[in-house]
4 protein chains.
Amino acid sequence: MNDRALRDMVTGLGGKKEAVPRETGFDITAASEVMAILALASSYEDLLVRLDRTVVGSNFAGEPVTAGQLNVSAAMGALLRDALKPNLVQTLEGTPALIHCGPFANIAHGCSSVVGTRMALKLADVVVTEAGFGADLGAEKFVDIKARQAGLWPSACVLLGTVRSLKMHGGVEVARLNESNVAAMEAGFQNLARHAENLRKFGLNVLVGINRFNSDSDEELDRLKSLCAGEGLPVAVADVWNGGGGGAVDLARLLLDALEKPAAVQPLYPDELPLREKIETVAREFYRADGVDFAPAALDGLAYLQAHGFGHLPICVAKTQYSFSDNPKLLCAPVGHRLSVSGVKLSAGAGFVVAYTGKVMTMPALPRKPGAERISLTPDGEIKGLY
Amino acid sequence: MNDRALRDMVTGLGGKKEAVPRETGFDITAASEVMAILALASSYEDLLVRLDRTVVGSNFAGEPVTAGQLNVSAAMGALLRDALKPNLVQTLEGTPALIHCGPFANIAHGCSSVVGTRMALKLADVVVTEAGFGADLGAEKFVDIKARQAGLWPSACVLLGTVRSLKMHGGVEVARLNESNVAAMEAGFQNLARHAENLRKFGLNVLVGINRFNSDSDEELDRLKSLCAGEGLPVAVADVWNGGGGGAVDLARLLLDALEKPAAVQPLYPDELPLREKIETVAREFYRADGVDFAPAALDGLAYLQAHGFGHLPICVAKTQYSFSDNPKLLCAPVGHRLSVSGVKLSAGAGFVVAYTGKVMTMPALPRKPGAERISLTPDGEIKGLY
Amino acid sequence: MNDRALRDMVTGLGGKKEAVPRETGFDITAASEVMAILALASSYEDLLVRLDRTVVGSNFAGEPVTAGQLNVSAAMGALLRDALKPNLVQTLEGTPALIHCGPFANIAHGCSSVVGTRMALKLADVVVTEAGFGADLGAEKFVDIKARQAGLWPSACVLLGTVRSLKMHGGVEVARLNESNVAAMEAGFQNLARHAENLRKFGLNVLVGINRFNSDSDEELDRLKSLCAGEGLPVAVADVWNGGGGGAVDLARLLLDALEKPAAVQPLYPDELPLREKIETVAREFYRADGVDFAPAALDGLAYLQAHGFGHLPICVAKTQYSFSDNPKLLCAPVGHRLSVSGVKLSAGAGFVVAYTGKVMTMPALPRKPGAERISLTPDGEIKGLY
Amino acid sequence: MNDRALRDMVTGLGGKKEAVPRETGFDITAASEVMAILALASSYEDLLVRLDRTVVGSNFAGEPVTAGQLNVSAAMGALLRDALKPNLVQTLEGTPALIHCGPFANIAHGCSSVVGTRMALKLADVVVTEAGFGADLGAEKFVDIKARQAGLWPSACVLLGTVRSLKMHGGVEVARLNESNVAAMEAGFQNLARHAENLRKFGLNVLVGINRFNSDSDEELDRLKSLCAGEGLPVAVADVWNGGGGGAVDLARLLLDALEKPAAVQPLYPDELPLREKIETVAREFYRADGVDFAPAALDGLAYLQAHGFGHLPICVAKTQYSFSDNPKLLCAPVGHRLSVSGVKLSAGAGFVVAYTGKVMTMPALPRKPGAERISLTPDGEIKGLY
């Protein structure tokens, strides 16, 4: 359950017989490092290794203390035993799908589990997985964190876009997105083009899927396809809203073609680059920032991590998904901005260092009316109101 | 998990965006009123009614506030949906058994679930259930709380005893319990006799089962049987340690005989007796105390509950299981003692008022070496070290 | 300043650079053990000795830790340097008076300072000091704590009473105290008589001063004087409300007479009596209780103090001032009651052990409208609204 | 007393009868806004006005709540009544001096009181006052905060320097400051020259006083004087260490000369400049920064203050005293740096907005061995070990 009251608290009160007072708090499941660990673990052994090295505090000398040092990692692993097993579900059309793990895409890497992907690769000829939200966040973390750790390199990359989002990047306000506006879409196309350019830096074969909305005009769709072609990007319209799986056959064929091409995917930066330079690399290459402003706390944190043996870890940037920059209002393809890093946090078990940028909110807001109020239980034991 | 650090805490810290600071704490599952509610609920409807009326705090005017007033009882019920279903297990000999719910026997009533008992009554000719620990606690609560609420009146009662425990009540120290000592057992028999006398006050047909240990001498067993006979108590030795189910055939036959006799079971006190007098009745009739010393906080609490419409509830005494008195060192069949009540607590959902006596610890101590340290997970996903 | 919000708190938050989290609280000045220490110290040396031995906590082994062990007692003494000097003030008639220290009369001994009394004894032939509130509290503590520690034994004792209070002890409600009611006063006289009887147990020469109110009838006053005479108590009416100091000349003369008589004052119990028996002695001899009910926490506390070398200290009872018993509604001269002791607290620096009885409130309630709201400061720097 | 454990805490615990739980903390006296208020108040009336408008929190709507709204400002004023009176002390030579108030020079303005300065101006022909530490902090705040609020404009300004500090700014390490090093001093002179240039921006008549150390060589002193002359700065050596007041006669004469010159002092920026631009003005004009990096929290805070009627207040920069920049290691006269502002804080009663820069520590570190351990009190009541 989400309970804001548990985010920050003092525990261990009640006198000497209880425990030692301490400032602490609960994270929600998706924000816990344990979720990222589960998503990145490749086996029970690897799960235990990751739990073991998870840093849970520091001793009086300031040295990191791990769950392993507290002798609790195996018990944690036992609690997670069944959770490491992927869930097999089906789409409305009966196609099988694996859904497994939900690490947040800001303070974590936002990808489904390594175990799930491996299972899918055993069972199917082609595996499609999703990395959300925004290719500057999701795809970058997919390659630099998940693929790097698991050795699971993708053969091709479908960059999804919509006419509507490009019009918004081109300056159209939300209320007028239903109107055809080729000029605005052209202006906003710079956003898509930059994402494609970014993805090619990984060595990925990139194709574009246009997620069609009924409000898209043929003129807009045609123009978008020719803009993609101008950038050398294979492109197909997918109309799954109206056509279900059949609506995406063109895109699927395009993808199968792409899989025939050789791909030599590699991460954006090597393990041995210092943490600070890793952040600067992502900021420069992916966000196109002029530079990075590190707050003093961030510099201290990076120096501490570098000195304590965590310098080889990849970076996980917590940034707004609305802009390449850390300013959610800077749309399209901004240049000349600086990335502001306020602090960093170690996820030693998951195997990355989180960098907090701008004013990113790492905790979801809760609705004014709690979801619990909608839920009911019938006399026959049926639960209603969950969705 | 048991974590002492969560027993007493201040939550809601972190500023205005988070929540309102509040002193609170977690109970372990067995000590939560929710466990007692689950054990006493007779259906999903009844579960919701109980959750709804559970008092979770008070408003500024000092009036009780319920989970229902917070609109969360249905969501709580949804979480408990599967938990209300009894668990069917089997003994080593393959006999079916239902195991369901574990409310503590001090701050709660210590009996298995009403739903489980009802299910067993549908499935079997004879249902045996257990009420622990010590007949002055378990059996009293079974009749005055579970039977009263569920209308499930027992037809007979097996009072279990051991030669060893009677020798301890007769003054023998633990290290010498293996030695035959008829005189000490005779002295300690007053304890068993008083339990039997207590149980007959409910109108129960009482028989005695002697749980045989290999250290019991024939002389001791013979003398114990004749002492029971002297009190008019049917008695049989059960040697399940050596004989399995077959070792209890005599006792089972005795029980079947007892079920032939008519029984008119009734609680010790009526609903309408004021809370204070209910406590005094249990203390006088069952514990044989000269009187009850109520701490001022207990009197205030009782007055509050009586005034706010909770006067009709039965009492659940949190007392040491080692003595009829609130002093764990006062063995056998003490008289002349007083019961000291330090405070009371409402369990409105479960439907009783807890009275804390003496120095009873309502929370289990934790081992010096955490159980978590023994647990392991193999590469094949097997969990070891749980027991 | 009185601030309820500071009574219970968790300090030392803010992370490792700050301090260690701890549950603690502020006492108001009069309730602090430091105030009692100041009032009982006979010199700067004695002040330092007392501060040094003040117990401020316990170590992990449960042994007491003193201010001296923290090396802070001398600095505390420095802060109190000027506070140890008595204040010389004058009455409305210009008579000099020393006012010094205000330890509460429940959790402390309620007497003015030893240094002030000694200074007065150097400066005047006769020193009158006050011990409040209720002779069962104030006078008992004056002899058993202040006199015992300072070796300052009083030569005589003026027991003050009013016609109105005796009528109240005789059953008259407050609204009707202005009406003459000799019968009620006679009934309530048992209260005064018992106080006198108590004080004589110390070996004190006791005389009675009647603090006259304008509502007192001559008949009431005459009857009260003859009742006192019947108990062998010298008595005088003091009408200081109407006559100022002159109104008390008769009482003063009576006191001078009393000073001529030899007095062999001694405490109620010897130092070497165990703490528990000291409490029982005061309860039996002064409160006329049938016995004492110690809560388990009180027994544990007494055992701890006895075992750690504090068994020789006198007892300071925190009890309601409205009754000889711990029940404020039990007026006049009750018998047959029991004293309920809920807990004990060590004041090692002051040199006594506090016993909490009944539901005594050791903290003053604060007014609904804070006193601060009345206070003002003029442009000339004059403070108004303090009283 | 300084107690780190009181810096961050949760108060109001202990249940409903006590108070409302709240996260809060104590500031040490010099860091309290009350100290700055006292130092800037010109009269009792002004003191009350300032206390009244002090913002102590916000309501549920996020609007500021003042001490006046809580009806406590007059009572606060009463407590401060005597504290507003300056202290008259004397130097070792018997010269009178007023010492009054000690607001910190980072989170407050670091100047002695307005009331003290006014009193001195009534009593003496020439008043010398100090503004610490570093002219970029102390002198800037003296003019922009104290002089602006009080209308007390200085007639001249003595800029104090030492040969040693200039050598340090010129790159000499501390251990070698005793060695004559004219070249290093020349290099470090850029620091002094920039301070002088800054002060002239206020319209101040600036002269330089060289605080002589015995390690200064004649060659260094001569060169320093000629460097000052080259900047058109009147200069004199003051050797008060060896010569007492007499050692500063030259400097005093120079100051008297300077007082003859007309001065038209004015602040660096007008009241009506937005808060953000005020910070940027100080950063550019005084610190010579290329620009200011505002953390998001700082921008939010400035927007809030601007919107709630505090935009007219001057700025009080909390910055390291070791450098013109916010980096204490950037000595001499740095250029090309940026000022990093992490947050802002309103001192509505004092009448300024604090801007936190770099990693400035606003709380003094405490010594490893508490000062309290050195303090003692003799039997005669003399306090030793305070210094």
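Visitor: Which hand does the crossing of helix H7 and helix H8 of chain C have?
Guide: This is a predicted model. In chain C, the axes of helix H7 (residues 182–200) and helix H8 (residues 218–230) come within 10 Å and cross at roughly 35 degrees. The crossing of H7(C) and H8(C) is right-handed.

Visitor: Which residues of H8(C) make the contact with H7(C)?
Guide: From H7(C), the contact is made by C:Val182, C:Met185, C:Glu186, C:Phe189 and C:Leu192. An α-helix has 3.6 residues a turn, so residues three or four places apart point the same way. On the side of H8(C), the contact residues are C:Glu219, C:Glu220, C:Arg223, C:Leu224, C:Leu227 and C:Cys228.

Visitor: How many of the residues of helix H5 of chain C are buried?
Guide: Helix H5 of chain C spans residues 138–150 and is mostly covered. Its buried residues include C:Phe142, C:Asp144, C:Lys146 and C:Arg148. The count of buried residues in H5(C) is 12 of 13.

Visitor: What covers the buried residues of H5(C)?
Guide: Both helices and strands of chain C take part. Among the helices are helix H1 (33–40), helix H4 (114–123), H7 and helix H11 (275–285). The strands include E11 (315–318) and E13 (352–357).

Visitor: What phi does C:Gly151 take?
Guide: C:Gly151 comes just after H5(C). The phi of C:Gly151 is positive, at about 65 degrees.

Visitor: Is C:Thr162 buried or exposed?
Guide: C:Thr162 sits in the loop between strand E7 (157–161) and helix H6 (163–169) of chain C. Beyond its neighbours within four places in sequence, C:Thr162 is in contact with C:Asn211 and C:Phe213. Buried means under 20% relative accessible area. C:Thr162 has 15% relative accessibility, so this residue counts as buried.

Visitor: How far does the backbone nitrogen of C:Ser165 lie from a polar atom of the side chain of C:Thr162?
Guide: Here the side chain of C:Thr162 is paired with the backbone of C:Ser165. From the backbone nitrogen of C:Ser165 to a polar atom of that side chain is 2.9 Å.

Visitor: With which side chain does the side chain of A:Ser113 make a polar contact?
Guide: A:Ser113 is placed in the loop between strand E6 (96–99) and helix H4 (114–123) of chain A. With a relative accessible area of 1%, A:Ser113 is buried. Leaving aside neighbours within four places in sequence, A:Ser113 is in contact with several residues, including A:Leu38, A:Ala39, A:Cys101 and A:Lys146. The polar contact, at 2.7 Å, is with the side chain of A:His100.

Visitor: What separates the C-alpha atoms of A:Asn181 and A:Asp3?
Guide: A:Asn181 lies in the loop between helix H6 (163–169) and helix H7 (182–200) of chain A. A:Asn181 is partly exposed, with a relative accessible area of 28%, and touches A:Lys167, A:Val172 and A:Glu220 when residues up to four places away in sequence are not counted. A:Asn181 and A:Asp3 are 178 residues apart along the chain, and their C-alpha atoms are separated by 44 Å.

Visitor: Which strands stand at the edges of the open sheet of chain D?
Guide: In chain D, 4 strands form an open sheet with mixed pairing, in the order E10-E12-E13-E11. Two of these strands have a single partner strand each, so one side of each is left without a neighbour in the sheet. These edge strands are E10 (291–294) and E11 (315–318).

Visitor: Which residue stands opposite D:Asp293?
Guide: E10(D) pairs with strand E12 (residues 338–347) of chain D in the parallel sense, over 4 bridges. The residue of E12(D) opposite D:Asp293 is D:Ser340.

Visitor: At what angle to E10(D) does helix H11 of chain D run?
Guide: Helix H11 (residues 275–285) of chain D lies across E10, E11, E12 and E13 of that chain. Relative to E10(D), H11 runs at about 135 degrees.

Visitor: As by what axis are chain D and chain B related?
Guide: A turn of 180 degrees and a shift of 0.1 Å along the axis lay chain D on chain B with an RMSD of 0.1 Å. The two copies are thus related as by a two-fold rotation axis.

Visitor: Which residue of chain D comes closest to the rotation axis?
Guide: The distance is taken at the C-alpha atom and comes to 2.8 Å. The residue of chain D closest to the axis is D:Pro21.

Methods
Residues are numbered from 1 along each chain as its sequence is written. Chains are lettered from A and ligands numbered from 1 in the order in which they are written. This is a predicted model: local features need pLDDT of at least 70, side-chain atom pairs count only at pLDDT 80 or more; totals for chains, interfaces and linings use all residues. Side-chain values use heavy atoms; hydrogens and water are left out. Copies are superposed by least squares on the C-alpha atoms of residues with pLDDT of at least 70 in both. Two strands pair if DSSP finds at least two bridges between them. Helices (H or I, at least four residues) and strands (E, at least two) are DSSP runs, numbered from the N terminus. Contact means heavy atoms within 4.5 Å. Axes are lines fitted to C-alpha atoms, for helices over the stretch in contact, and angles run from 0 to 180 degrees between N-to-C directions. Buried means under 20% relative accessible area, exposed over 50%, partly exposed in between (1.4 Å probe, protein chains only). A polar contact is a pair of N or O atoms within 3.5 Å; within protein, one must be able to donate a hydrogen and the other to accept it, and residues adjacent in sequence count only if both atoms are side-chain atoms. A crossing is left-handed if the near helix is turned anticlockwise from the far one by less than a right angle, and right-handed if clockwise.
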